[in-house]
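Reader: I've never read a protein model before. Can you walk me through one?
Author: Sure, take a look first.

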Amino acid sequence: MADFPIEAVRARFPALSLTDKGRRRIYLDNPAGTQVPQAVADAVSRCLLTTNANLGGYFETTIAAQAVVDDAHQAMADFLGAESREEIIIGANMTTLTYHMSRTLGRTMKPGDEIILTRMDHEGNVSPWLQLAEDLGLVVRWLPFDERSWQVEEATLADLLSDKTRLVALNYASNLTGSINRVKSLTAIAKQAGALVYVDAVQFAPHGLIDVRELGCDFLICSAYKFFGPHMGILWGRLDIIDGLKAYKCRCSSNGLPERFELGTPQIELMAGVTAAVDYFADVGASAGEGGSRRQKIARAFEVSIAYENPLAQRLIDSLADISGLTIHGITDPKRLGDRVPTVSFTVDGIIPETIVRQMNAENIFLWSGHNYAWEIVHQLGIPAEQGVVRIGIAHYNTHNEIDETLESVHQVIAMLRQQRS
């Protein structure tokens, strides 16, 4: 933890110094979207002001714009451990890209084929496949998570697989429970059955190094705005798979990779921001002493940020667990801290989550209530979907003092609400 330069990191994020009527802000809404470094905003602005042109021409701005696009694909290849920037598909957001790829993959499926979906995923990795199944007459098999381990278990997946299974959609980490799945071993089981594996890594990407080649999956998707970048989705697809797919696209648009999957004029300025976000991680790794490649610097950045985030998460969990009638929905054992990201959700007996969140938001502590699109999780756990949970999500720019202030507020707000009820 001593290696993590928290003050230098915070200095990079202008939003962290903003106040409202003299009151500080505490950003714990990070699972829904993080703040951005100045370098990301500068990159977006610079692109708009100096390289603002469409692609495909021979003059200076269009050539420069193509370089921005190429750089973004290479940056994400480095971030995800991909073999080539041709494997990187950049689009509007995770959900839109997943809908697009689901329809493309649907061209390879037929009625009676089976797909497996988990009870642990964000709706962005559920609804596209459910609706594809409805359109094509596919059979949906549901994969629950274990409520003791808070993870998807390999044996449960193995029991659902058959020679008709065409795809397994998994998530890397839950946006409600924070639990990290053992994606590599789950993928290996699915691949033995001949199924494609599509991984939602949106919640894992801000908190751990992703290596798509090591995981062995076929697709992996994440969102730049969850790891300090602009609002864009990034989909990695294994080259031999995506090269054989027929994309939905305009007849006259390129059939090259990844262009055939990137519909319309790209959001070039946001791609510039994506590169800057990746380079931010590399800068953190360099400041921690790594002098190697961008990929190596990113890996080092995650080493030091995980070591910094985990004690904050455990402090949060331990203090919340002391509140009578409060249930944390996720891993609480300090020995299993490595099996979760620092997103902590809870409910309190007799208190609607929104009433807690509204009080804390009024204190300029930013966090969320609701199901947060973890629709299957709240239903499996029996949590009323219209109420959901209180969700607190830590990023590596949060401080110990912020966590302590937040915990003090949680304790006081719950005590106040209980007193009002009595």
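**Helices, pockets and odd spots**

Author: Helices H10 and H11 are roughly perpendicular to each other. This is a predicted model: local features need pLDDT of at least 70, side-chain atom pairs count only at pLDDT 80 or more, and totals for chains, interfaces and linings use all residues. Residues are numbered from 1 along each chain as its sequence is written, and side-chain values use heavy atoms, without hydrogens or water.

Reader: At what angle do the axes of H10 and H11 cross?
Author: Packed helices are described by the angle between their axes and the distance between the axes. Here the axes of H10 and H11 (residues 294-321) cross at roughly 70 degrees and come within 7 Å. Axes are lines fitted to C-alpha atoms, for helices over the stretch in contact, with angles from 0 to 180 degrees between N-to-C directions. Under 35 degrees is roughly parallel, over 145 roughly antiparallel, 65 to 115 roughly perpendicular, and the rest oblique. Helices (H or I, at least four residues) and strands (E, at least two) are DSSP runs, numbered from the N terminus.

Reader: Which residues of H10 and H11 meet?
Author: From H10, they include Phe281, Ala282 and Val284, and from H11, Ile298, Ala301 and Phe302 are among them. Contact means heavy atoms within 4.5 Å. By class, this contact of H10 with H11 has nine nonpolar, two polar and four charged residues. Asp, Glu, Lys and Arg count as charged, Ala, Val, Leu, Ile, Met, Phe, Trp, Tyr, Cys and Pro as nonpolar, and the others, Gly among them, as polar.

Reader: How are H2 and H10 packed?
Author: H2 (residues 38-50) and H10 (residues 268-287) pack at about 150 degrees, with axes 8 Å apart, so they're roughly antiparallel to each other. H2 brings Ala39, Val40, Ala43, Val44, Cys47 and Leu48 to the contact, while H10 brings Ile268, Glu269, Ala272, Gly273, Ala276 and Ala277. Those residues divide into ten nonpolar, one polar and one charged.

Reader: Now for the hollows. What volume does the largest pocket have?
Author: A pocket is an open set of points on a 1 Å grid over the protein atoms alone, with protein on both sides within 12 Å along at least five of seven lines; a cavity is a set where a 1.4 Å probe fits but cannot get out, and lining residues have an atom within 4 Å of a point. Points join across faces, edges and corners, and volume is the space filled by probe spheres set on them. The largest pocket has about 620 Å³. Of its 31 lining residues, Glu259, Glu262, Leu263, Gly264 and Pro266 are closest to the centre. Helix H3 gives the most to this lining, four residues.

Reader: And which residues are closest to the centre of the second largest pocket?
Author: That pocket holds about 420 Å³, and His122, Tyr225, Lys226, Asn372 and Tyr373 are the closest of its 19 lining residues.

Reader: How many cavities of 30 Å³ or more does the search find?
Author: Two. The largest cavity has a volume of about 70 Å³, and Lys226 lines it too, along with others including Asn30, His207 and Phe228.

Reader: Where's the cis peptide bond?
Author: Between Leu257 and Pro258, with omega about 0 degrees. Pro258 is in the loop between H9 and H10. Also check Trp150, a residue other than glycine with a positive phi, near 65 degrees; Trp150 lies in the loop between strand S6 and helix H6.
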